[in-house]
Amino acid sequence: MTLVNSLHWTGASLAILDQRVLPAETIYQEYQTAPDIADAIRAMQVRGAPAIGIAAAYAVALSVKQHSEQQPDRWLEAVESDMEILRQARPTAVNLFWALDKMRAALALATTPDTAWSIAREVAEAIERDDLAANRRIGELGADLLTDARGVLTHCNAGALATAGHGTALGVIRTAYARAPLSVYAGETRPWLQGARLTVWELSRDTIPVTLIADSAAAWLMRQGSVDWLVVGADRICANGDTANKIGTYSLALLARAHGVKVMIAAPTSTVDLKLSAGDAIEIEMRDAFELLPDCYRTLEQPVSAWNPVFDVTPAYLIDAIVTERGVAHRPHQNGIQECL
Ligand code: MRU
């Protein structure tokens, strides 16, 4: 196994692997402050729901370190303001808010600036450790559902790069492949190409054969009978099972239903948001039109626009299984999600 770490915690700084330039370059940039880490999350230097949450947790720990040293009387106010900056970094992945809430609750137990720093560090490290353990368990539970599968399709990158390691959807694929050979297809995932640049790279480093497809080839691939399951990650799972994930997941789930392909959502419980009853309430991140539009349109007098939502919501009725580290919710639309909580 040659797992890549998207984050490296030194105890006094956080090194972030710049996912924007992968696979051509492997560059880590080191951060010491929460606002700088918020910028790195916004700019997608680090991306993927669990990795965003872990980066934010370390950002809070660094904020506690900085402000408890610089202003021991008013450190908490300064940390609160850093947490607000982190909350604004990206809206859809609930793991960001989950991690910040966890850090805030832990800091409430701190009696001195020194205890705050040691608590913050320990809780952030535990968030990262628990995510890796969750992914290994998700891998086992998800792979149990793939025993008869010959082919799977995944979308975006829900791998080691997007988590503390092993991955969610890619964790399932890694574990299943270790048990028995499986044809793995990855959608390129426009406009950011997480599939083409990150998923294909990760799997090839693990010597798992993977076939890249254009996003628009998915229907035709399913029509050939090459895929038994669509296996994807999630950014937010609502109480009714509706699930936000990378733009294009909803289309793939509709195609899957039309072709008798099953749909698996693999995600840790930190991605479940019981406060939202259904997917309509999820805020979908809109990103800059020029992530989609070719640069040549920047200079035109008549502006050309682009509509660039980067997530969509797959309704629960299109999902066959939600797999978390705690269990599997089969057909959540009929049976609810209790089994995976
Ligand atoms: O915009 P991104 O790259 O952060 O979107 C990532 C996804 O949609 C992933 O599928 C999701 O976060 C799960 S990662 C384990």
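These legends go with a set of close-up views of a predicted model.

**View 1. Helices α1 and α2 pack side by side.** Here we look at helix α1, residues 34-42, and helix α2, residues 49-70, whose axes sit 8 Å apart. The angle between the two comes out at about 165 degrees. Anything over 145 degrees counts as roughly antiparallel, and α1 and α2 are therefore roughly antiparallel to each other. As for handedness, the crossing of α1 and α2 is right-handed.

**View 2. Side by side again, now with the residues of α1 and α2 that touch.** On the α1 side, look for Ala34, Ile37 and Ile41. They meet Ile52, Ala55, Ala56, Ala59, Leu62 and Ser63 of α2. Sorted by character, the residues of this contact come to 8 nonpolar and 1 polar, with no charged ones.

**View 3. Three strands make an open antiparallel sheet.** The order across this sheet is β1-β2-β3, with antiparallel pairing. The edges belong to β1 (7-9) and β3 (28-31); each has a single partner strand, so one side of each is left without a neighbour in the sheet. On average, neighbouring strands here are turned by 20 degrees against each other, direction ignored. Zoom in on β1 and strand β2 (residues 14-17) and you'll find 3 bridges, in the antiparallel sense. In that pairing, histidine 8 faces alanine 15 in β2.

**View 4. A cis proline sits between β2 and β3.** Follow the chain into the loop between β2 and β3 and you come to proline 23. The peptide bond that leads into it from leucine 22 is cis, with omega near -5 degrees.

**View 5. Seven strands make an open mixed sheet.** Read across, the order is β6-β5-β4-β7-β10-β13-β14, and the pairing is mixed. This time β6 and β14 (327-330) take the edges, each with a single partner strand, so one side of each is left without a neighbour in the sheet. Neighbouring strands are turned by 25 degrees against each other on average, direction ignored. Helix α6 (residues 169-179) packs on the sheet and touches β4 (151-154), β5, β7 (229-232) and β10 (262-266). The direction of α6 makes about 160 degrees with that of β4.

**View 6. At one edge of the sheet, β13 pairs with β14.** Strand β13, residues 321-324, and β14 run in the antiparallel sense and share 4 bridges. To find your way around, start from alanine 321: its bridge partner in β14 is histidine 330.

**View 7. β5, α7 and β6 form a right-handed β-α-β unit.** Helix α7 covers residues 194-205 and joins β5 and β6 in this right-handed unit. The two strands, β5 (residues 183-187) and β6 (residues 210-213), pair in the parallel sense over 4 bridges. A handy landmark is valine 184, which stands opposite valine 210 in β6.

**View 8. Two loops have backbone details worth a look.** The loop between β5 and α7 holds proline 191. A cis peptide bond links that proline to arginine 190, with omega at about 0 degrees. Over in the loop between β4 and α6 you'll find histidine 166. Its phi is near 70 degrees, a positive value in a residue other than glycine.

Definitions and conventions:
Residues are numbered from 1 along each chain as its sequence is written. This is a predicted model: local features need pLDDT of at least 70, side-chain atom pairs count only at pLDDT 80 or more; totals for chains, interfaces and linings use all residues. Side-chain values use heavy atoms; hydrogens and water are left out. Axes are lines fitted to C-alpha atoms, for helices over the stretch in contact, and angles run from 0 to 180 degrees between N-to-C directions. Angles under 35 degrees count as roughly parallel, over 145 as roughly antiparallel, 65 to 115 as roughly perpendicular and the rest as oblique. A crossing is left-handed if the near helix is turned anticlockwise from the far one by less than a right angle, and right-handed if clockwise. Contact means heavy atoms within 4.5 Å. Ala, Val, Leu, Ile, Met, Phe, Trp, Tyr, Cys and Pro count as nonpolar, Asp, Glu, Lys and Arg as charged, and the others, Gly among them, as polar. Two strands pair if DSSP finds at least two bridges between them. A crossover is right-handed if, with the strands pointing away from the viewer, the path from the first strand over the helix to the second runs clockwise.
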